[in-house]
Amino acid sequence: MTAPAQATPPPPTPPTPVKGDPMPRLWRVVGASLIGTTIEWYDYFLYGTAAALVFGKVFFPHSDPLTGTLLSFLTYAIGFAARPVGALVFGHFGDRIGRKKLLVVSLLLMGGATTLIGCLPTYNQVGVTAPILLTALRLVQGFALGGEWGGAVLLVSEHGDAKRRGFWASWPQGGAPAGNLLAAGVLSVLTGVQSDATFLAWGWRVPFLLSALLVLVGMWIRLSVDESPLFQQALAAQQARGTAEQPPLVAVLRHHWREVLTAMGARMAENISYYVMTTFVLAYAVGHVHLPKQTALNAVLVASAIQFALIPLFGALSDRVGRKPVYLVGAAGVGIWAFVFFGLVDTKSFGSLLLAVTIGLVFHSAMYAPQAAFFSELFATRMRYSGASIGAQFASVAAGAPAPLIATALLKDYGSSTPIAVYVAIASAITLLAVLTARETRGRDLAAAEA
């Protein structure tokens with residue numbers, strides 16, 4: 001039984017650095033995770049923003065504007081269908097061979113698909129082939145993102161200590177608003193300097209093609225960090241035992257099915273509110289309220305910048321008072337704010353629109369910031385990548401995927417935003433129930449978190 005342990009080389013990165021303070025190493029891991037997630041979310045949100053403003057006209061030009069937007073959001077939602085598949089595949093191998101290798105693969109897949117979207121022919125050039133190719137590349141994006149989130153937050157969670165895990169693990173979460181900020185910012189600049197005709201002709205392609213450059217930067221940074229020390233310890237311990245392991249998916253569903261359901265429920269309000277208040281709001285503000293595209297994009301741009309600053313603060317707060325209290329405030333707040341949100345947008349004032357999106361993202365941050373540490377602390381090390389990814393990404397199919405689609409359909413059927421607010425409030429109730437019935441995880445020792 002000792003042979004396997006002797007045959008296995010010692011982990012290259014021990015839990016405690018050989019020399020110097022471990023903090024610089026942790027900052028490198030945090031920086032690599034943040035930059036990598038920012039690039040991947042840039043790619044993903046760029047599609048959502050373009051779906052709201054451009055794709056209906058470029059890939060579905062023969063539909064009326066609202067139907068074109070609906071079809072465009074349908075291709076957007078299809079990408080979410082691949083996220084659980086990505087969670088299963090990346091989770092399995094991430095729990096078997098390590099977090100770092102899978103994060104490199106996910107970045108390459110996402111960046112490649114996004115760059116190719118910028119090269120696609122339009123419907124007027126190749127007909128129905130254009131939206132088919134668009135949908136196929138969206139599926140690749142979804143598959144990559146399904147594996148990205150779990151690996152990025154775990155790499156940080158497993159490097160840091162229990163006392164400040166909420167703060168450190170919240171930084172990769174900042175990749176979402178940072179990516180949205182970058183996507184909205186690039187599109188805002190282009191719409192500001194180009195005419196509508198030029199932007200529809202070729203300008204919309206520029207942000208997608210920029211992804212190739214961003215991926216090169218992200219790869220260079222991600223390859224420079226160390227593998228998770230907790231994963232290396234758990235892998236060495238398993239090899240020393242010399243016993244066969246169950247596949248991570250089987251182990252998760254056997255030992256952690258309650259935690260998977262908790263994670264899925266916790267994601268409902270967080271996911272739905274975010275996509276309604278940052279993606280659907282663009283189509284609503286431009287198509288229903290008749291605000292300029294530039295105005296809508298600028299509101300999301302400023303609100304995303306504020307959210308980026310708030311996320312580590314809420315993460316730190318969860319280290320002091322617990323994951324659950326912070327999460328519950330966000331879930332309750334977003335359910336109530338949904339009814340105020342659309343009334344403010346309907347005023348056609350930039351200030352009111354900015355206030356609506358900003359406050360919505362404040363409540364969203366209270367859920368999103370502690371989520372990384374919360375989900376990491378629910379699962380054992382050798383099934384943590386699978387458990388956190390499955391819980392998060394399977395929920396996204398029912399939550400984030402159809403959110404802009406459902407919101408658009410409700411607006412089309414009722415001509416009012418009230419049913420959309422009710423939809424967000426129902427999601428809020430589900431999340432409140434899930435988090436209230438979960439156990440508090442703050443301060444949990446991840447090394448001791450075994451099934």
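Start by selecting helices H14 and H18: H14 passes H18 in a right-handed crossing. Keep in mind as you look around that this is a predicted model. To find the pair, pick residues 257-288 for H14 and residues 384-398 for H18.

Next, turn the view until both helix axes are easy to follow. Two packed helices are described by the angle between their axes and the distance between the axes. Here the angle is about 45 degrees, and the axes lie 8 Å apart. H14 and H18 are therefore oblique to each other.

Now show side chains where the two helices touch. On H14, select Val260, Ala263, Met264, Arg267, Met268 and Asn271. On H18, the partners are Gly387, Ile390, Gly391, Ala392, Gln393, Phe394, Ala395, Ser396 and Ala398. Try colouring this contact by residue type: you will find nine nonpolar residues, five polar ones and one charged.

Then zoom out and switch to a cartoon of the whole protein. How many helices and strands make up the secondary structure? The count comes to 20 helices and zero strands.

With the whole C-alpha trace in view, rotate it along its principal axes, where it spans about 70 × 45 × 40 Å. The radius of gyration is 21 Å, which agrees with the value near 22 Å for a compact globule of 451 residues.

For a last stop, colour the residues by burial: 59% of the 451 count as buried. You can also draw contacts between residues at least 6 apart in sequence; 88% of these join residues at least 24 apart.

Technical notes: Residues numbered from 1 in each chain as written. Predicted model: local features only at pLDDT ≥ 70, side-chain atom pairs only at ≥ 80, totals over all residues. Heavy atoms only, no water. Axes fitted to C-alpha atoms, helices over the stretch in contact; angles between N-to-C directions. Helix = DSSP H or I, 4+ residues; strand = E, 2+ residues; numbered from the N terminus. Parallel < 35°, antiparallel > 145°, perpendicular 65-115°, else oblique. Left-handed = near helix turned anticlockwise from the far one by under 90°. Contact = heavy atoms within 4.5 Å. Nonpolar A, V, L, I, M, F, W, Y, C, P; charged D, E, K, R; others polar. Rg over C-alpha atoms; globule rule 2.2 N^0.38 Å. Buried < 20%, exposed > 50% of the residue type's maximum accessible area, 1.4 Å probe, protein only.
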